[in-house]
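This report describes selected features of one protein structure for a reader who is new to the subject. Please keep the sequence and the structure in view while reading.

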Amino acid sequence: MGFNCGIVGLPNVGKSTIFNAMTAAHVPAENYPFCTTDHNIGKVAVPDERLERLASIFKPERVVHTTVEFVDIAGLVENAHKGEGLGNKFLGHIREMDAIAHVVRCFDAPQVAHPYENIDPVHDIQVVNTELLLADLETIGKRYDKIAHAAHSGEKDAKAIFPAYEKVKKGLEAGTSVRLLGLNENEMHVIDDLSLLTAKPVLYVCNVNETDLKSPSRLVKSVEVLASKESAQTVMICGGIEAELADLSDDEKMDFLADLGLAESGLARLIHAGYRLLDLITFFTKDGPEVRAWTVKRGTRAPQAAGKIHTDFEKGFVRAEVYTYEELIKAGSEHKVKEEGHLKIEGHDYVVQDGDVIHFRFNV
């Protein structure tokens, strides 16, 4: 799988409309708060034209895309941590997600209900972020006192991890998300098992009108300014357009997007932004009747990439036979790639690159 992503936001910002369009899940998406009363899960294929071109060369029986999993929960409201609304009830479902997609409403439509009088996406972001902060404070508070007591009593392990807990707790109390505290790798490792919500990378998804896609409104720009300060990603999606795309064939989608002057769908933009945010890359395998895409973190070495396919591949890793997607496209066939000397034999220290086509050799 590519990555998984939890979708949060206020009620009626378009979360479920966008979720439906992206995943064809057809969950309720009505014009009133708390229409979503349970969490919804959907998986979508990661669009990658390289995989299609590989398939045209290899002509396999099966083409397998890597996938992204989305989890949509009920809208969060002010004081959700105290039981208001329904969203807080389902926050546990996104604690194990790789990233959070924070959907904000950046369009003005009086006929569509909104929790507040004015459409102000920055204010809306702050409301949701506050609830996530307070949920994290509750999570860390359950363990903090126990670790603090043990550390002050001289327990070696507790003394080693207490500074990280203290730094996080003080940061949350000051209103700072964990991802903005500048924690080092060791500190992040210490708190990893807490699955803190504000530690997760964030994508701000601006739900916009069609006209905003070509000329972003002041509402969108205000979100972009906030995201820039946080080193976060922003993506503009028009829920209405995505809903129309969901019912079209692939060829019809291409024509529809071309008419709008768009290179790709909002879903594709969101997935690609997620890959950038999480620093992910894609490599490909051709094994018998199947051509397949795989996702790994940038910097992953060959044995660990092989382990994505099967644990036995990593345990018994012998070598990786590698060439690039570009070399294959230029040569026109795998035979020609080998003939031209582009196939490389790589060992345990090889760092997998985006677009590599790899055959792993292993022995168990």
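Rings of Phe, Tyr and Trp, the last represented by its six-membered ring, count as a pair if their centres lie within 6.5 Å. The model discussed here is predicted.

**Aromatic rings**

A search of the whole structure yields 5 aromatic pairs. Ring pairs join Phe283, Phe317 and Phe360 into a cluster. In general, the distance of the centres and the angle of the planes describe a pair of aromatic rings.

Rings also take part in another arrangement, in which a charge sits over the ring. The table lists two examples.

| Charged residue | Ring | Distance from the ring centre |
|---|---|---|
| Arg105 | Phe107 | 4.6 Å |
| Lys169 | Tyr144 | 4.8 Å |

**The sheet**

How many strands form the open sheet, and in what order? The open sheet consists of 6 strands in the order 2-4-1-5-6-7, and their pairing is mixed. Strand 2 and strand 7 (233-237) stand at the edges; each has a single partner strand, so one side of each is left without a neighbour in the sheet. On average, neighbouring strands of this sheet are turned by 25 degrees against each other, direction ignored.

Helix 3 (residues 121-152) packs on the sheet and touches strand 1, strand 5 (99-105) and strand 6 (202-207). The direction of helix 3 makes about 140 degrees with that of strand 5.

Strand 4 illustrates the mixed pairing. Strand 4 (residues 67-72) runs antiparallel to strand 2, to which 6 bridges join it. Strand 1 (residues 3-8), in contrast, runs parallel to strand 4, with 5 bridges between them. Individual residues show these pairings: Val44 stands opposite Val68 in strand 4, and Cys5 has Phe70 of strand 4 as its bridge partner.

Strand 2 (residues 40-45) has side chains that alternate along its length. Which of its residues are buried? Asn40, Gly42 and Val44 point to one face and are buried, whereas Ile41, Lys43 and Ala45 point to the other face and are not buried.

**Helix 2**

A one-sided pattern of burial also appears in helix 2 (residues 49-58), where the buried residues are Arg50, Leu51, Leu54, Ala55 and Phe58. Why do the buried residues line one face of the helix? Seen down the axis of helix 2, they fall within an arc of 140 degrees, so they line one face. Lys59 follows helix 2, and its phi is positive, near 50 degrees.

Definitions and conventions:
Residues are numbered from 1 along each chain as its sequence is written. This is a predicted model: local features need pLDDT of at least 70, side-chain atom pairs count only at pLDDT 80 or more; totals for chains, interfaces and linings use all residues. Side-chain values use heavy atoms; hydrogens and water are left out. Buried means under 20% relative accessible area, exposed over 50%, partly exposed in between (1.4 Å probe, protein chains only). Helices (H or I, at least four residues) and strands (E, at least two) are DSSP runs, numbered from the N terminus. Two strands pair if DSSP finds at least two bridges between them. The arc is that of the directions from the helix axis to the C-beta atoms. Rings of Phe, Tyr and Trp (its six-membered ring) pair if their centres lie within 6.5 Å; planes under 30 degrees apart count as stacked, over 60 as edge-to-face and the rest as tilted. A charge sits over a ring if NZ of Lys or CZ of Arg is within 6 Å of the ring centre and within 35 degrees of the ring normal. Axes are lines fitted to C-alpha atoms, for helices over the stretch in contact, and angles run from 0 to 180 degrees between N-to-C directions. Contact means heavy atoms within 4.5 Å.
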